[in-house]
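Trainee: I am new to this one. Could you walk me through it, one question at a time?

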Amino acid sequence: MARRNKIYEGKAKIIYEGPEAGTIVQYFKDDATAFNAQKKDVIEGKGVLNNRLCEYFMVGLNQIGVPTHFIKRLNMREQLCKSCEIVPLEVIVRNYAAGTMSKRLGLEEGTQLPRPIVEYCYKDDSLGDPLVSEEHIAAFGWASQQDMDDILSLALRVNDFLSGVMYGVGIKLIDFKIEIGRVYDGDYQRLIVADEISPDSCRLWDMETGQKLDKDVFRRDLGNLADAYTEVATRLGVMPKTSTPITKPTLIN
Ligand SMILES: Nc1ncnc2c1ncn2[C@@H]1O[C@H](COP(=O)(O)OP(=O)(O)OP(=O)(O)O)[C@@H](O)[C@H]1O
Ligand SMILES: [Mg+2]
């Protein structure tokens, strides 16, 4: 079999050249990293869970008309996506204060924000992905004003969709991060949601207990990360609730 061409290996995924021009394959690894890779571990099964969860969110977004790079899931760990030029920004949407925002502004984690707040960080690991303003983005030419309007509207639509989906299974969407890619249709460019949406890139709290069901479990040593992601997948119906086979149907009167 011909060897695939690896384009990039990141902390959580490997990107391979896809089978057709304009496509890539994303392979989800089991590696977990935090604090700019200062903390590292291998969490068995994380890649499989993230691949399935990411598929679930991306398919849903495509169905409601939010364009994403996702084409189809190929197997347990891989998905076929449109290749794009990644805008060098991490786009963060926050509904409740947590993490760096809590630290920066002295807000208690879990404080509801007056409205969703969108933040931008410049994607550069060696600088620790610093927070930047739209002034920086325009001045350094990372995205145009038109791009920024489109990015804001994509980010807010993803937020409404994800908040609703999570609300339906008793989970509060505290915040999340997405990446945006450019694709070209002839002379025109379009912006689409790229990279991944998974519990690695969201903060998810159980609505009743406040239990964390996202990567903070790993960052803060709060328990088993795969168990937390399995809980999210099970609630969303992405993973079966039980591995015990059902032998015969049960009639309910
Ligand atoms: N459709 C796409 N086309 C091209 N590149 C993509 C696409 N989707 C995601 N990427 C890029 O592929 C890489 C995925 O790997 P991973 O998430 O492991 O990277 P990372 O370690 O987080 O590093 P980075 O700082 O580059 O995001 C990222 O660099 C991401 O920007
Ligand atoms: Mg990444």
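Mentor: Happily! Let's begin at the start of the chain, where strand S1 (residues 6-9) and S2 pair in the antiparallel sense over three bridges. Keep in mind that this is a predicted model.

Trainee: How many residues lie between S1 and S2 in their hairpin?

Mentor: The two strands are antiparallel partners. One of the pairs to look for is Lys6 with its bridge partner Tyr16 in S2. The hairpin that S1 and S2 form leaves between them three residues.

Trainee: Which residues come nearest to ligand 1?

Mentor: The shell around ligand 1 takes at least two residues from each of strand S2 (13-17), strand S7 (78-82) and S12. By character, the shell residues divide into eight nonpolar, four polar and seven charged. There are 19 residues around ligand 1, and those that come nearest are Gly10, Lys11, Ala12, Lys13 and Asp195.

Trainee: Let's turn to helix H4. What does H4 reach from its first C-alpha to its last?

Mentor: Helix H4 covers residues 145-167, which is 23 residues. At 1.5 Å a residue, the expected value is 33 Å. The helix comes close to that, with a reach of 33 Å.

Trainee: Which residues of H4 are buried?

Mentor: A general rule helps here: an α-helix has 3.6 residues a turn, so residues three or four places apart point the same way. As for the cover over the buried residues of H4, it includes helix H1 (46-63), strand S9 (89-96) and strand S10 (112-122), along with S12, S13 and S14. The buried residues themselves are Ile151, Leu154, Ala155, Val158, Leu162 and Met166.

Trainee: S14 is part of that cover. How many of the residues of S14 are buried?

Mentor: S14 runs antiparallel to S12, and five bridges join the two. Within that pairing, Ile171 has Asp206 of S14 as its bridge partner. S14 is mostly covered, and of its five residues the buried ones number four.

Trainee: Now the whole chain. What is the radius of gyration of the protein chain?

Mentor: The chain has six helices and 14 strands, and its C-alpha atoms fill a box of roughly 65 × 55 × 40 Å along the principal axes. Because a compact globule of 253 residues would have a radius of gyration near 18 Å, the value found here agrees with one: 19 Å.

Trainee: And what share of the 253 residues counts as buried?

Mentor: Consider the contacts between residues at least 6 apart in sequence: 56% of them join residues at least 24 apart. As for burial, the share of the 253 residues is 32%.

Terms used
Residues numbered from 1 in each chain as written. Chains lettered and ligands numbered in written order. Predicted model: local features only at pLDDT ≥ 70, side-chain atom pairs only at ≥ 80, totals over all residues. Expected span 1.5 Å × (residues − 1). Buried ≥ 20, exposed ≤ 12 C-beta atoms within 10 Å, placed from the backbone. Contact = placed C-beta atoms within 7 Å. Rg over C-alpha atoms; globule rule 2.2 N^0.38 Å. Pairing = 2+ DSSP bridges. Near = placed C-beta within 6 Å. Nonpolar A, V, L, I, M, F, W, Y, C, P; charged D, E, K, R; others polar.
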